[in-house]
Structure formats: structure tokens, C-alpha cells
Amino acid sequence: MQTKSSIVFCHGIWADGSCFNKVIPTLQAEGYQVMAAQYGLDTLAGDVAAVKRTLGRVSSPAILVGHSYGGTVITAAGTDERVAGLVYIAALAPDADETSQSQQEKFPVTDVFSHVEVAEGRVWLRQEGVECFAGDLSEQDKKLVWATHYAPAADLFTQKLDGVAWRSKPSSYIVATKDRTVHPELQRFVSKRMGTTAHEVVSSHVPMLSNPKLVIDVIRTAANAVGGRSTAAGQ
């Protein structure tokens, strides 16, 4: 039985659900039902559909937490009636007339894009690019980030869907001030546009790995604000 809102994590590109492994155990220990949606970064529609399937495996209401491109995913998936709130972590958050790509093009190109390689229709992160993605982690953790990174389809960022959940659902935003992947000014812009208070942290692009306590605090606050109800998982 579930008495708190559930939490569903949505990863970005060059990542999978394991990027949340420093925040999930604490939230589970506090009694939250937690799942990380795993999707293939092939199409935005396919990734959003995977999140909605995951919502079907946890109790409602749920909080969606999106990192990086995962912000685009939760912006679309969050219109689902089972979603009560959104948390964005150094994330994109396109409006109705934007894509992930067009939103980024309004801000300076970040360092990470000098360290990518397009091969076999995917955009791969070169190993030295980890410094731009997760430069404040230990050497061991940076190696793990690169070893588990997954490359998106080359056209993923130009795809769009209808629905802008942050316009109608309570939203929170974590700004990574030392981000060299998603520009910090983009993060501040979208947070202001949402009308939410930005939680700024001195961090690389992966504050859930470098500053998990702050990320947990923001997620916990968002989850508690919407509450929950007693419902069996999957119903």
C-alpha cells in the first residue's frame, strides 16, 4: 500500500536510469515508491510512451523527475493525469513552439559538443567529453558515467510532441551553475518562465551524482507538496 506520491525518474542522453543511483535508495528508505524509466533515446514519442508505461507500474499520483533531455520527456509525459508535479534537474523544458534543439540554439553552444562523434546514426560522447558532463565527480565515477552512457539517435533533439506539462503542473527546477552541457543561462531562463524558484547548486551537469542531498531535498519537497493516496501499485 502506498500513502505517498510515487517518483518516476527520467534520464537524459548519454545516460540511463543508473544515473539516479545516489538519490533512489534514500527516497526508497523514506517510503516513496520509486522507478527509473528506461528508454532507448530513439524517438521522443517512444521515450514518452515508456514513461507512461512506467507510470502504470507505480501508484498515483506521481512526481516526474527529468534530468537534461529528460526534461523534454517529462514536459510531454507530464500531461498524463497520473502526474501531479514535475522536478527538472539541469534540464531542457521546451514550450509548444520549441524542440530540444531549438531551445538550446537560443543560448551559447556548450563545451561538451566539441567532444561528440556521430556514428551509425547515434551521437556518441568521446571519453574526454566526460569532463564537460561530470567534471566534478571522482575519476572512478567519471569512468562509470562514460562506461554506462548511451548515445541518442542523431535527430532526437529535433523531434517534438504536443503538450507542455509545466504550464499546468507544479514544477521545481535545479540549476547547475557550472554546467558545461546544458547552459546555466538556459536553465535560469526556463525556470523563470515556469514561474518557479530555482534551486541553484555549484555543480557540473549531474547534480544528482555530485550533490545528491540537495536533489533529494527538492524532490522530497515536491512530492510532499502534492501528497498521495493509498493505492496498490499498478492500479
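**Exercise 1. The unit around helix H7**

Which elements make a right-handed β-α-β unit with helix H7 (residues 184-194)? Identify them in this predicted model, and describe how the two strands pair.

*Solution.*
Step 1. Start from H7 and look for the strands that belong with this helix. The right-handed β-α-β unit consists of S7, H7 and S8.
Step 2. Examine the pairing of the strands. S7 and strand S8 (residues 198-201) run parallel and are joined by four bridges.
Step 3. Locate a pair of facing residues. Alanine 198 in S8 is the residue opposite tyrosine 173.
Step 4. Look at the loop that precedes S7. Proline 170 belongs to the loop between helix H6 (139-147) and strand S7 (171-176). Not counting residues up to four places away in sequence, proline 170 touches Ala84, Gly85 and Leu86.

**Exercise 2. The surroundings of strand S3**

Determine whether S3 is buried or exposed, and name the strands that pair with S3.

*Solution.*
Step 1. Apply the cut-off: a residue is buried when its relative accessible area is under 20%. Six of the six residues of S3 are buried, so the strand is largely enclosed by the rest of the structure.
Step 2. Check each face separately. Ala62, Leu64 and Gly66 lie on one side, and Ile63, Val65 and His67 on the other; all of them are buried, and both faces of S3 are thus covered.
Step 3. Find the partners. Strand S1 (residues 6-10) runs parallel to S3 and is joined to it by five bridges. Strand S4 (residues 83-89) also runs parallel to S3, with six bridges between them.
Step 4. Name facing residues. Isoleucine 7 stands opposite isoleucine 63 in S3, and leucine 64 stands opposite leucine 86 in S4.
Step 5. Place S3 in its unit. Together with H3 and S4, S3 makes a right-handed β-α-β unit.

**Exercise 3. Backbone features in the loops**

Find what is notable about the backbone at leucine 41, at the bond between serine 60 and proline 61, and at serine 68.

*Solution.*
Step 1. Recall the general expectation. Most residues other than glycine have a negative phi, and most peptide bonds are trans.
Step 2. Consider leucine 41, in the loop between strand S2 (34-37) and H2. Leucine 41 is not a glycine, yet its phi is positive, at about 60 degrees. This residue is buried, with a relative accessible area of 0%.
Step 3. Move to the loop between helix H2 (44-55) and strand S3 (62-67), where proline 61 is found. The peptide bond that joins serine 60 and proline 61 is cis, with omega about 5 degrees.
Step 4. Pass to the loop between S3 and helix H3 (70-77), which holds serine 68. Serine 68 has a positive phi near 60 degrees. Its relative accessibility is 5%, so serine 68 counts as buried.

**Exercise 4. The hairpin of S5 and S6**

Describe the pairing of S5 with strand S6 (residues 122-125), and examine the backbone at glutamate 120.

*Solution.*
Step 1. Establish the direction. S5 and S6 pair in the antiparallel sense over four bridges.
Step 2. Name a bridge. Tryptophan 124 in S6 is the bridge partner of glutamate 117.
Step 3. Inspect the turn. The hairpin has two residues between the strands, and in it glutamate 120 takes a positive phi near 55 degrees.

**Exercise 5. The nonpolar core**

How many residues does the largest nonpolar core have, and which helix gives the most to this core?

*Solution.*
Step 1. Take the total. The largest nonpolar core has 73 residues, and those with the most contacts inside it are Phe9, Tyr39, Leu64, Tyr69, Tyr88 and Met208.
Step 2. Find the leading contributor. Helix H9 (residues 212-226) gives the most to this core, with six residues.
Step 3. Follow one member outward. With residues up to four places away in sequence not counted, methionine 208 touches Cys19, Phe20, Lys22, Val23, His67, Ile89 and Val215.

**Exercise 6. Empty space**

Locate the largest pocket and the largest cavity, and state which residues line them.

*Solution.*
Step 1. Begin with the pocket. The largest pocket has a volume of about 360 Å³. Its lining comprises 23 residues, of which Gln101, Gln104, Glu105, Phe113 and Phe157 are the closest to its centre. Helix H4 (100-104) and strand S5 (116-119) are the elements that give two or more residues to this lining.
Step 2. Turn to the cavities. The whole structure holds two cavities of 30 Å³ or more. The largest cavity contains about 110 Å³ of space. Of its 15 lining residues, the closest to the centre are Thr72, Pro94, Glu98, Leu161 and Gly163.
Step 3. Identify the main contributor. H3 gives the largest share of the lining of the largest cavity, three residues.

Key: Residues numbered from 1 in each chain as written. Predicted model: local features only at pLDDT ≥ 70, side-chain atom pairs only at ≥ 80, totals over all residues. Heavy atoms only, no water. Core = buried A, V, L, I, M, F, W, Y, C linked by side-chain atoms within 4.5 Å. Buried < 20%, exposed > 50% of the residue type's maximum accessible area, 1.4 Å probe, protein only. Contact = heavy atoms within 4.5 Å. Pairing = 2+ DSSP bridges. Right-handed = clockwise from strand over helix to strand, strands pointing away. 1 Å grid on protein atoms, 1.4 Å probe; cavity = no way out; pocket = protein on both sides within 12 Å on 5 of 7 lines; lining within 4 Å. Points joined across faces, edges and corners; volume = space filled by probe spheres on them.
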